[in-house]
Structure formats: structure tokens, C-alpha cells
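Trainee: I should like to understand how the terms in a structural description are justified. May we go through them one at a time?

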Amino acid sequence: LQTVKMNGNPVKRISPSLGALPAVNLSCELGGIENVPDVWLKKGEYGVVTYLQKAYTEISVGCLDFSSCGISRLPADISDFIPIQELFLVNNDIDRLPAALGTLTNLTNLACQENRLAALPREVQ
């Protein structure tokens, strides 16, 4: 698979498994995609493919590092992240974490220093 064209469809999520493809061209409306952080969406289709490749690689080794990426939120649906053991969100602009973070049953290390967080979700504690 080299090209994925989804224009004209109400796409809400794109699986990180698409990031396993070495060179994929993606064509779709980005406004409705909910599982890709906004910092990558702002970079257009190239940014989304870059995110998918990063997420796929890091999820497969159990460590997802979004440190210093400029993200302001994580997707509410983080079911793609279930296998991870470590999540690094250091030095971003995040003011709250999604409650779904509590569903990451393998998560043993959460690093979220240098953000705008006032509290962790009740589901994480």
C-alpha cells in the first residue's frame, strides 16, 4: 500500500498501524480526525503521516515520547496507546489529561513535568 485517499469521508480516526508502511501518501480532510494531536494536524497530511510513523514505532516498543512536541492535548480516545508502559509528555502545553489515561493498564511511568496541569484525572490515581 502506497497511497490512501479518503477525501469526502467523515474520517474521525486513523490507526497508527498505517505508520508501519515505509512510504505512504495520505489524502483526506483533517478537520474531523480525533486521535491525532493538533500539533501534527496543523502540519497537514505530511504531519499526520509523521505522527502515525512515530506512534507506531514507539507503541511497538512500549514507550511513547511526546516531550517538547508543542502538544496542548492528548486525544480523548487513547486506545491506540494501550500497550505502552511509559508515556513522556514533558515540556508541552497540556492543561488536562484525558480520563481514558486510566485505561492504559500497562502504564508504569508517566512523565508530565513542565505543562499546565492542575491535577491528574481521578481514573489515573
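The exchange below sets computed values against the definitions behind the terms.

Mentor: This is a predicted model, in which local features need pLDDT of at least 70 and side-chain atom pairs count only at pLDDT 80 or more, while totals for chains, interfaces and linings use all residues. Residues are numbered from 1 along each chain as its sequence is written, and side-chain values use heavy atoms, with hydrogens and water left out.

Trainee: Why is Asn92 called buried?

Mentor: Buried means under 20% relative accessible area, exposed over 50%, and partly exposed in between, with a 1.4 Å probe and protein chains only. Asn92 has 10% relative accessibility and therefore counts as buried.

Trainee: Where is Asn92 found, and which residues is Asn92 in contact with, leaving aside neighbours within four places in sequence?

Mentor: Asn92 is found in the loop between β4 (86-88) and β5 (109-111); strands are DSSP runs of E with at least two residues, helices are runs of H or I with at least four, and both are numbered from the N terminus. Contact means heavy atoms within 4.5 Å. Leaving aside neighbours within four places in sequence, the contacts of Asn92 include Phe66, Cys69, Ile71 and Glu114.

Trainee: What makes the approach of the Asn92 side chain to the backbone nitrogen of Cys69 a polar contact?

Mentor: A polar contact is a pair of N or O atoms within 3.5 Å; within protein, one must be able to donate a hydrogen and the other to accept it, and residues adjacent in sequence count only if both atoms are side-chain atoms. The Asn92 side chain reaches the backbone nitrogen of Cys69 at 3.0 Å. A polar atom of that side chain also lies 3.3 Å from the backbone oxygen of Val90.

Trainee: How do you know that Arg13 and Asp80 form a salt bridge?

Mentor: A salt bridge is a side-chain nitrogen of Lys or Arg within 4 Å of a carboxyl oxygen of Asp or Glu. For Arg13 and Asp80 the N to O distance is 3.1 Å. Arg13 lies in the loop between β1 and β2 and Asp80 in the loop between β3 (63-65) and β4, so the pair ties together parts that are 67 residues apart in sequence. At 17% relative accessibility Asp80 counts as buried, whereas Arg13, at 36%, counts as partly exposed.

Trainee: How many salt bridges does the structure hold?

Mentor: The structure holds five salt bridges. One of them joins Asp93 and Arg116, with the closest N and O atoms 2.7 Å apart. That pair links distant parts of the chain, Asp93 in the loop between β4 and β5 and Arg116 in the segment after β5, 23 residues apart. Through salt bridges that share partners, Asp93, Asp95 and Arg116 are joined into one network.

Trainee: Why is Glu114 called exposed, and what is its phi?

Mentor: Glu114 counts as exposed because its relative accessibility is 56%. Its phi is positive, about 60°, although Glu114 is not a glycine. Most residues other than glycine have a negative phi. Ser68, in the loop between β3 and β4, also has a positive phi, near 55°.

Trainee: Which classes of residue line the largest pocket?

Mentor: The lining has five nonpolar, one polar and three charged residues. Among the lining residues are Ser72, Arg73, Asp95 and Pro98.

Terms used
On a 1 Å grid over the protein atoms alone, a cavity is a set of points where a 1.4 Å probe fits but cannot get out, and a pocket is an open set with protein on both sides within 12 Å along at least five of seven lines; lining residues have an atom within 4 Å of a point. Ala, Val, Leu, Ile, Met, Phe, Trp, Tyr, Cys and Pro count as nonpolar, Asp, Glu, Lys and Arg as charged, and the others, Gly among them, as polar.
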